[in-house]
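Reader: I'd love a close look at one part of this protein, with the rest brought in where it helps. Could you take it slowly and explain each term as you use it?

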Amino acid sequence: MAAVQDGQLNMEVEKDIKTEITNDGSGNINANSSSPGSTSSGGKSKSPAGSGEDQQTLLAVLQFLKRNKLTESVDILRREAGLSADADDSPVSDSAGAGSGGVPNVSADGGDANSLLSRVSIATPVAPPATAPPKGLVRSHSKVMPSGGEDQPDVNVVLSAYSQQGDPVLYPLYYNGLKKFIESVLDCHRAELSQVFYPLFVHMYLELVYNNHENEAKQFFEKFSGDQECYYEEDLRILSSMSKKEHMKGNETMLDFRTSKFVLRISRDSYQLLKRHLQERQNNQIWNIIQEHLYIDIFDGMPRSKSQIDAMSGSLAGEGKRDANKAKVFYGLLKEPEIEVPLDDEDEEAENEEGKPKKKKPKKDSMGSKSKKQDPNAPQQTRIPLPELKDSDKLDKIMNMKEATKKIRLSPDNLPSICFYSFLNAYQGLTAVDFTDDSSLIAGGFADSTVRVWSVTPKKLRRVKSAADLSNIDKESDDVLERIMDEKTASESKILYGHSGPVYGISFSPDRNYLLSSSEDGTVRLWSLQTFTCLVGYKGHNYPVWDTQFSPYGYYFISGGHDRVARLWATDHYQPLRMFAGHLADITCTLFHPNSNYVATGSADRTIRLWDVLTGNCVRILTGHKGPIHSLAFSPNGKFMASGATDGRVLLWDVGHGLMVGELKGHSDTIYALKFSRDGEILASGSMDNTVKLWDTLKAFDDVELDDFTAATGHIHLPENSQELLLGTYMTKSTPVIHLHFTRRNLLLAAGAYNP
């Protein structure tokens, strides 16, 4: 730290920045000699400072740090400047604190103190690169900042890190030097080290913009933006619009880049190569950015190939940390309650009436539809409180079991029939669709803020009679449930009014008594399908709510929207039970796991997160999509998940290991609908490209070989050609597919609005 000891903090850097970098192992010491307040008296003039004046400045800063109880920073600075332990208690420091000695407003003027602080934080070593711990990141510069800045992520505090900058002319040289080095290394390391380009490019550009080097920033962007991966195109477009310091304040994308460390997964050998190169070149500007803004997740073993890295990258904040996917996930199904299935007349007349259900049930269990045996991977039955079964629920389960005996066993040779519901003349703008589990009702959410419900069976929709009429009914009669319905109100459809903005998400309760809807107005509404009125308006989101879904057991539901926070609710609580925060952009789709103990959320930050309902913790972060995620589906056995996004790809995930196990390519537009068949043999996907595609998931999942090494490092081996798994493509005339549903007999229902 010769420059600090000699007191030549400003002029030497200005004369020869390259020499300064070579001499100093801790980072660029104030390469921006023209910034206000650089070693001048109170930041008011730019005259060169003598060693006495620098001594005054240094002592004043020490005093300031001591007053804020930043003892660690005081010790580091004192050691680097070669000051004795009692130097900052001398009369000089007292006079400095009093406003004399050439440093008039260190404590009184906050701006001055901050400029001094930023200069000290530049000179303070993060840790010399030679002794940097191999586990990715070391302590960052922000330790020097007052702790209040960390507790309250104020925009100015967040942006202030970019004041630690070097000579703008050298930025392209630094970046180009690293680029040439990475292009010269062995192929096996090149793919891994190339991951560094994008986050470095972003942060170097933002530093230039923040420090008012507008022209240099523009030239830097034009020169190197073309080198970035194509899937960052949208992010780069947003980045290019930030060409002035004022643009950065309040910009969500900017804050995302700054507050969340970009995660890179790199083998130890590749990391050591990069570290050695930066140390030899004394390339501290890049080293500082790596330490400050990147989290390098190092693993032991062979470096990953380009295809393996590309499969997992693309999210707003890099890959998910391996530690984030280590928690145990109980993906098994809960034990089904014992319910006796009475044989009806049809069953008695049929041949081998007792044999039929018994033969079918093991098939139902094979792909893991709800099992009667306790799954070793299942959570405890009482892990989260679930509603007790009512008599009507038991009747429904009996009906379900009877339907299951008539279920068609699907296979590549026996594909399902598809029934498509087209919404014609949907000038109100169809935005969401849902079917009841028994496929008797269909609901649509519309941009005119209405929710419409149709019966798709001959049975019409009826309201419950008025209270006065109900008092005349014999409550003991066998058909009391029929008598309470008012025949005068029977119609094929009902319209529900209440929202004050477009309806973006709808979901039927498993018992068909309720319907949820979420809207641009920031509310989630619960509707009764007995009275067709709104029962509750759940207010918690401050912005549009993009999706809401009921739990498979009813009672609980999840919502997610523009505020980036998913909320878990219970129908009888007007406030959320859990809030799941962690996504860096809008939550665009939500889904409960079949055992209801976990919730999956897909986001515009291009990640999927799995949350534990009991603890509220994030137990999986899945990356790989190159665009916002719009659809999720769990396999009936709860072990696998599928996701679809604007990139037109369907990705398959192993929930237990937290790994991608398949990639299905074929759609040319956003995938808004995914659904597994009742036994899980087939996955249906629906897209804005007006097609429904069927995929062989049995083959996709059977080919997967997972071991501990793969789980630890992410060395996934995806099949080269997903076309082998494509069983069929079905075109609509001009109707984007926005919802899919398999009936209990494995007939596939699809829905969308005709787009002439």
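Author: Happily. Strands here are DSSP runs of E, at least two residues long, while helices are runs of H or I of at least four residues, and both are numbered from the N terminus. Two strands count as paired if DSSP finds at least two bridges between them. This is a predicted model, in which local features need pLDDT of at least 70 and side-chain atom pairs count only at pLDDT 80 or more, while totals for chains, interfaces and linings use all residues. Residues are numbered from 1 along each chain as its sequence is written, and side-chain values use heavy atoms, with hydrogens and water left out.

Let's settle on the hairpin around Gly658. This glycine sits in the loop that links strand 24 (649-654) to strand 25 (659-665). The two strands run antiparallel and are held by six bridges, with Leu651 standing opposite Glu663 of strand 25. As a general point, strands of a sheet pair through backbone hydrogen bonds, either parallel or antiparallel. Four residues lie between the strands of this hairpin, and Gly658 has a positive phi near 70 degrees.

Is Gly658 buried or exposed? Buried means under 20% relative accessible area, exposed means over 50%, and partly exposed is in between (1.4 Å probe, protein chains only). Gly658 has a relative accessible area of 9%, so it counts as buried. Strand 25 is also largely enclosed by the rest of the structure, because six of its seven residues are buried.

What does Gly658 touch? Contact means heavy atoms within 4.5 Å. Once neighbours within four places in sequence are set aside, the contacts of Gly658 are Asn325, Arg620 and Leu622. The loop also meets a distant stretch of the chain: Val329 lies 329 residues away from Gly658 in sequence, yet their C-alpha atoms are 9.2 Å apart.

A second hairpin makes a good companion to this one. Strand 26 (residues 671-676) and strand 27 (residues 682-687) are antiparallel and joined by five bridges, and Phe676 has Leu683 of strand 27 as its bridge partner. Here five residues separate the strands, and Gly680 takes a positive phi near 85 degrees.

Now for the record. An unreviewed UniProt entry carries the annotation "repeat: WD" for residues 423-464, 496-531, 538-579, 580-621, 622-655 and 664-696. Its positions are given in the numbering used here, feature names are shortened, and annotations may be inferred rather than shown by experiment. In the model, residues 622-655 are 59% strand and 0% helix, with the end C-alpha atoms 10 Å apart. Residues 496-531 are 53% strand and 0% helix, and their end C-alpha atoms are likewise 10 Å apart.

Two open sheets show how other strands are arranged. One has four strands in the order 10-11-12-13, with antiparallel pairing. Its edges are strand 10 (503-508) and strand 13 (533-539), each pairing on one side only. The average twist from one strand to the next is 20 degrees; axes are lines fitted to C-alpha atoms, for helices over the stretch in contact, and angles between N-to-C directions run from 0 to 180 degrees. Strand 10 is joined to strand 11 (residues 514-519) by five bridges, and the partner of Val503 in strand 11 is Ser519.

The other sheet has three strands in the order 3-31-30, with mixed pairing. Strand 3 (418-423) and strand 30 (739-742) are its edges, each pairing on one side only. Strand 3 runs parallel to strand 31 (residues 748-753), with six bridges between them, and Tyr421 is partnered by Ala751 of strand 31.

For a contrast with the strands, look at helix 14 (residues 233-240), whose buried residues are Asp235, Leu236 and Leu239. Seen down the helix axis, they fall within an arc of 95 degrees, so they line one face of helix 14. The arc is that of the directions from the helix axis to the C-beta atoms. Those buried residues pack against helix 12 (197-210) and helix 13 (214-224).

Last, a word on cysteines. A disulfide is a pair of cysteine sulfur atoms within 2.5 Å, and a search of the whole structure finds zero of them. Cys188 counts as partly exposed because its relative accessibility is 37%, and Cys534, at 28%, is also partly exposed.
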